[in-house]
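User: Hello! I am new to this protein and would like to learn how to read its features one at a time. Could you guide me?

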Amino acid sequence: MTAIQFQNLPNLQLPKGFLPELGLVCITFDKQVRFRTMTRTRYLQLTPEQRQSALRELYESNLQRLDAALSFCQANKIRLYRMSSAVFPLSDMEDEVGANILEEMSADLAKIGQRSQALGIRIVLHPDQFVVLSSDSPQVLQSSIKILERHARTFDLLGLPRSPWSLMNIHGGKSQRTEQLVKVISELPEAIKSRLTFENDEYAYSASEILAVCQQAGVPMVFDAHHHICHENLDSYDEPSVAEMFYAARETWENPDWQLVHISNGETAFKDRKHSDLITAMPSVYYQAPWIEVEAKHKEEAIARLRSWWLIENNHK
């Protein structure tokens with residue numbers, strides 16, 4: 001496989017007529033899609049009555065903003081949207097105020113989920129960094145599962161399927177905990193496990209290590225090529241292991257047409273872990289990926305440029 005360098009368009013080798021679905025991550029660069037939030041500290045300063053009022057108003061506002069995000073995706077022909085894990089902040093609090101409000105709003109959430117499915121927009125989620133299923137701490141593990149349960153319940157309220165189509169993607173967490181991680185996954189509630197996917201990272205779990213977890217636990221793997229080259233200290237997307245891991249990850253998907261991968265580029269250098277504004281290079285094998293989340297700072301602009309380059313090249317054929 002030859003890595004794509006977009007400066008050399010005539011040399012691209014793309015399957016004719018095939019265009020992967022490119023995903024928007026949470027918000028837009030130009031501020032059209034934004035969500036409100038509230039800190040835990042601020043929340044705890046409120047009286048019980050104020051908490052009810054504040055969260056209800058915030059959730060109603062963010063649900064409207066989520067609907068606007070779907071409209072943005074529809075207008076820009078984007079069929080993959082990573083919903084922010086903070087759309088309904090504090091819904092996992094011990095007092096269950098937020099959780100109860102979401103239950104009361106179930107009909108409104110269901111309408112949003114129905115609209116996403118009618119538009120053919122796939123909604124996925126990446127829970128925050130505090131979700132660590134391989135932690136040695138019972139408290140951290142309990143908190144992590146509670147967060148995932150809250151996200152799974154939100155997806156249920158949206159009417160999204162309990163399958164990797166509506167995936168919740170996380171990292172492996174603590175390194176060298178494969179056996180423990182697999183055990184924890186096996187004991188997760190069905191609402192979580194049926195949607196759970198794991199992604200390789202730059203530090204704790206290499207692509208081959210997280211692949212082993214996914215194979216043993218029976219959950220799909222989301223391959224991230226940039227994390228892979230950083231972890232393995234590779235100098236090019238031409239390295240054979242990139243395509244090998246892509247194909248190996250595909251085998252973990254019961255439905256290969258749902259396979260999702262991530263793409264990002266280094267900000268100042270090829271192996272820079274910080275994300276660049278746009279995508280200027282990716283593995284050629286990614287043109288066989290049906291779904292790609294674009295992790296670039298300029299978000300919708302990066303998606304538009306990738307799409308334009310591919311369309312231009314297909315017209316050259």
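User: Let's begin with a single residue. In which helix is T154 found?

Analyst: Happy to help, and please keep in mind that this is a predicted model. T154 belongs to helix α5, which covers residues 138–158.

User: Is T154 buried or exposed?

Analyst: The way to read this is through relative accessibility, where a value under 20% means buried. T154 has 5%, so it counts as buried.

User: Which residues is T154 in contact with, leaving aside its neighbours within four places in sequence?

Analyst: Those partners are M83, F88, L102 and L109.

User: Now the whole protein. How many helices and strands are there?

Analyst: The protein has eleven helices and ten strands.

User: How do I read its overall form from the radius of gyration?

Analyst: The idea is to compare the value with what a compact globule of this length would have. For 317 residues that would be near 20 Å, and the protein has 20 Å, so the two agree. Along the principal axes, the C-alpha atoms fill a box of roughly 65 × 45 × 35 Å.

User: What share of the residues counts as buried, and what about the surface?

Analyst: Of the 317 residues, 55% count as buried. The accessible surface comes to about 14200 Å², and carbon and sulfur atoms make up 49% of that area.

User: How many charged side chains are there?

Analyst: There are 33 positive and 41 negative side chains, and the centres of these two sets lie 5 Å apart.

User: What do contacts say about parts that are distant in sequence?

Analyst: Here you look at how many positions separate the two partners. Among contacts with a separation of 6 or more, 76% are between residues 24 or more positions apart.

User: Next, the interior. How many residues are in the largest nonpolar core, and which have the most contacts inside it?

Analyst: That core has 93 residues, and Y81, L133, F198, F223 and Y286 are those with the most contacts inside it. Helix α2, residues 48–75, gives the most to this core, with ten residues. A second, separate core has eight residues, including L80, W165, W253 and W291.

User: What does Y81 touch?

Analyst: Not counting residues up to four places away in sequence, Y81 touches a list of residues that includes L24, F35, L66, C73, I121 and V124.

User: How can I read the burial of a whole helix, such as α10?

Analyst: First see which of its residues are buried, then ask what covers them. In α10, residues 240–250, the buried ones are V242, A243, M245, F246, A248, A249 and R250. Their cover includes helices α8 (207–217) and α9 (225–232), along with strands β7 (221–224) and β8 (260–263).

User: Where is A225, and what does it touch?

Analyst: A225 is in helix α9, and its relative accessible area of 0% means that it is buried. Leaving out residues up to four places away in sequence, A225 touches Y237, V242, H262, P283 and Y286. From A225 to S264 there are 39 residues in sequence, yet their C-alpha atoms are 7.9 Å apart.

User: What about the loop between α9 and α10?

Analyst: N233 sits in that loop, and with 53% relative accessibility it counts as exposed. N233 and K271 are 38 residues apart along the chain, with 7.4 Å between their C-alpha atoms.

User: Is V285, in the loop between β9 and β10, buried or exposed?

Analyst: V285 has 1% relative accessibility, so it counts as buried. Its C-alpha atom is 33 Å from that of E190, which is 95 residues apart from V285 along the chain.

User: Finally, how do I read the sign of phi?

Analyst: Most residues other than glycine have a negative phi. K31 is not a glycine, yet its phi is positive, at about 75°. K31 is found in the loop between β2 (21–25) and α1 (40–44), and it is exposed, with a relative accessible area of 64%.

User: What is phi of E96, and where is that residue found?

Analyst: Phi of E96 is near 60°, which is also a positive value in a residue other than glycine. E96 is in the loop between β3 (80–83) and α3 (97–104). Its relative accessible area is 46%, so E96 is partly exposed.

Key
Residues numbered from 1 in each chain as written. Predicted model: local features only at pLDDT ≥ 70, side-chain atom pairs only at ≥ 80, totals over all residues. Heavy atoms only, no water. Core = buried A, V, L, I, M, F, W, Y, C linked by side-chain atoms within 4.5 Å. Buried < 20%, exposed > 50% of the residue type's maximum accessible area, 1.4 Å probe, protein only. Helix = DSSP H or I, 4+ residues; strand = E, 2+ residues; numbered from the N terminus. Contact = heavy atoms within 4.5 Å. Rg over C-alpha atoms; globule rule 2.2 N^0.38 Å. Areas by Shrake-Rupley, 256 points an atom, 1.4 Å probe, with all protein chains shown as cover. Lys, Arg positive; Asp, Glu negative; His and termini not counted. Charge placed at Lys NZ, Arg CZ, Asp CG, Glu CD.
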